[in-house]
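Student: Could you take me through one spot in this model up close, and then work outwards from there? I'd like the cut-offs spelled out as you go.

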Amino acid sequence: MQWQKWCIRLGFTAREGLVLYTVGYWDNGKLRSIMYRAALAEMVVPYGDPGLSHNRQNAFDAGEYGIGMLANSLELGCDCLGTIRYFDAHLVNSHGEPFTVKHAICLHEEDFGTLWKHTDWRTQKAAVRRSRRLVISSIATVANYEYGFFWYFYLDGTIQFEVKLTGIVNTGAVYGGDKPKYATLLNDRLMAPIHQHFFNVRMDMEVDGRHNSVVEVHTESESSGRHNPLGNGFYAKSTALNTEEEAQQIIDPFSARYWKIVNPHVLNEKTREPVAFKLIPGENVLPFADSQSSLVQRAGFITKHLWVTPYHSDELYAAGPYPNQHAGGAGLPEWTRKNHSVADTDIVVWYTMGHHHVVRPEDWPVMPMAYIGFMLKPSGFFPFNPSLDVPPQSPLHGSCEI
Ligand SMILES: [Cu+2]
């Protein structure tokens, strides 16, 4: 499909649900590639109650259930508003029989506030443009929970992935009237255990071509001395992540860490720096389960937020192809053991994000939507703001451009 300057192919699989292929952006008459393939690669929901009936709860919602298998048929006017294009998903059940999930994918455009604005204080003249985004979404019901998977494409070249969490929290009975340590009381008979929702998204990157590298960027304070007389200095420091081991990273919000996917062979026409997209983490957390626990052994991908691997056609799922009752160690920890080079090659970027859920009484009996996600933003991919050419709106009164 094409929308504004975006060009994207859509797919849908039983295990991953939504799959995006060949994500590109029309730039001055040339279609520039950004990602070859992107999809949810695994999910796991560890619960924190060590009690008998809860200590084995850790569903791998993608690898065990299949997010695509559980997709809802979306309803116009309920799940999505406005001008909608729906896509059906054609899948095969466990008996090998084909079936169709009608309206499994919703495609629509929505207003997203102000794209950019400036008022010239000398002349009091203002220019303003509205932001719009293309939304590609699908919602799955995994037993008690609902997960919405939303890709957003913006006019300024930004890509966003967001998971929306709703549905009914997992609960247990309360015995003896004690205040539960590992759960939130919902009423005098019912509690909801503390838990986490981990998602891993696999992105086969292709920023302006197949061979890419990854760079870690964080900000440091300048040392004191004559070169920093007023002590105000700080700067962004870049470090190339050349191997799979170096590329195993966690977020660091206090140093404003992000990661750039660069193409060392294509330079920005203004800055002469390699073109890049940056991965900006959102909310995130690490697991609290013991590193030797069955859960962490089987879901090793949750111990790091960033993984980078050289492309391999059978490496699609972060916890390995068959996580159900697996002894552990499969997937990303196994593939990266040989510490391959990930510099200037066909790379796959895997991002793990964890939503931490200390249940609130207000999450009962049905949970208001919670959100977790990340952004991919052009960072030296364009020579300047690519949304300068967005036309002004036609307002009801007056003009958006005086
Ligand atoms: Cu939850």
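Tutor: His103 is buried because 20 other C-beta atoms lie within 10 Å of its own. For that label, a residue needs 20 or more other C-beta atoms within 10 Å; 12 or fewer makes it exposed, anything in between is partly exposed, and the C-beta atoms are placed from the backbone. Keep in mind that this is a predicted model, where local features need pLDDT of at least 70, side-chain atom pairs count only at pLDDT 80 or more, and totals for chains, interfaces and linings use all residues. Numbering runs from 1 along each chain as its sequence is written.

His103 sits in strand 7 (residues 98-120). Strands here are DSSP runs of E with at least two residues, helices are runs of H or I with at least four, and both are numbered from the N terminus. What is the phi of His103? Near 55°, a positive value in a residue other than glycine. Most residues other than glycine have a negative phi, and most peptide bonds are trans.

Ala256 has a positive phi too, about 55°, and is not a glycine either. Its setting is the loop between strand 16 (234-241) and strand 17 (258-267). Ala256 counts as partly exposed because 13 other C-beta atoms lie within 10 Å. While we're on backbone oddities, Trp364 and Pro365 are joined by a cis peptide bond, with omega about 5°. Pro365 belongs to the loop between strand 20 and strand 21 (367-378).

Go on into strand 17 and you meet Trp259. Trp259 is buried because it has 25 other C-beta atoms within 10 Å. Its contacts (C-beta atoms, placed from the backbone, within 7 Å) are Val214, Val215, Glu216, Lys278, Leu279 and Leu306, leaving aside residues up to four places away in sequence. Trp259 and Ser238 are 21 residues apart in sequence and 9.1 Å apart in space, C-alpha to C-alpha.

Leu279 and Leu306 also turn up among the contacts of Tyr351, along with Asn200, Val201, His305 and Phe374, again not counting residues up to four places away in sequence. Tyr351 lies in strand 20 and is buried because 24 other C-beta atoms are within 10 Å. For Tyr351 and Gly48, the separation is 303 residues in sequence and 23 Å in space, C-alpha to C-alpha.

Now the strands around it. Strand 20 (residues 345-357) runs antiparallel to strand 14, with 10 bridges joining the two; two strands pair if DSSP finds at least two bridges between them. Gln196 has His356 in strand 20 as its bridge partner. Strand 14 (residues 195-205) is mostly covered, with 10 of its 11 residues buried. Eight bridges join strand 14 to strand 4 (residues 30-46), also antiparallel, and Met35 has Met205 in strand 14 as its bridge partner.

There's a smaller pattern to look at as well: an open sheet of three strands, ordered 11-13-12, with antiparallel pairing. Strand 11 (172-173) and strand 12 (183-187) are at the edges, each with a single partner strand, so one side of each has no neighbour in the sheet. Strand 11 pairs with strand 13 (residues 190-193) over two bridges, and Ala173 stands opposite Leu190 of strand 13.

As for the packing, the largest nonpolar core has 80 residues, and the members touching the most others are Leu40, Val214, Ile261, Val308, Val349 and Trp350. A core of this kind is a set of buried Ala, Val, Leu, Ile, Met, Phe, Trp, Tyr and Cys residues joined through C-beta atoms within 7 Å. Its largest share, nine residues, comes from strand 4. A second, separate core has seven residues, including Val169, Ala192, Val359 and Met367. Back in the largest core, the contacts of Trp350 are Ala41, Asn200, Arg202, Phe301, Trp307, Ala318 and Leu332, with residues up to four places away in sequence left out.

Finally, zoom out. The protein chain has three helices and 21 strands, and 36% of its 402 residues count as buried. Of the contacts between residues at least 6 apart in sequence, 63% join residues at least 24 apart. The radius of gyration is 23 Å, which agrees with the value near 21 Å for a compact globule of 402 residues; it is taken over C-alpha atoms, and the globule rule is 2.2 Å times the number of residues to the power 0.38.

Conventions. Contact = placed C-beta atoms within 7 Å.
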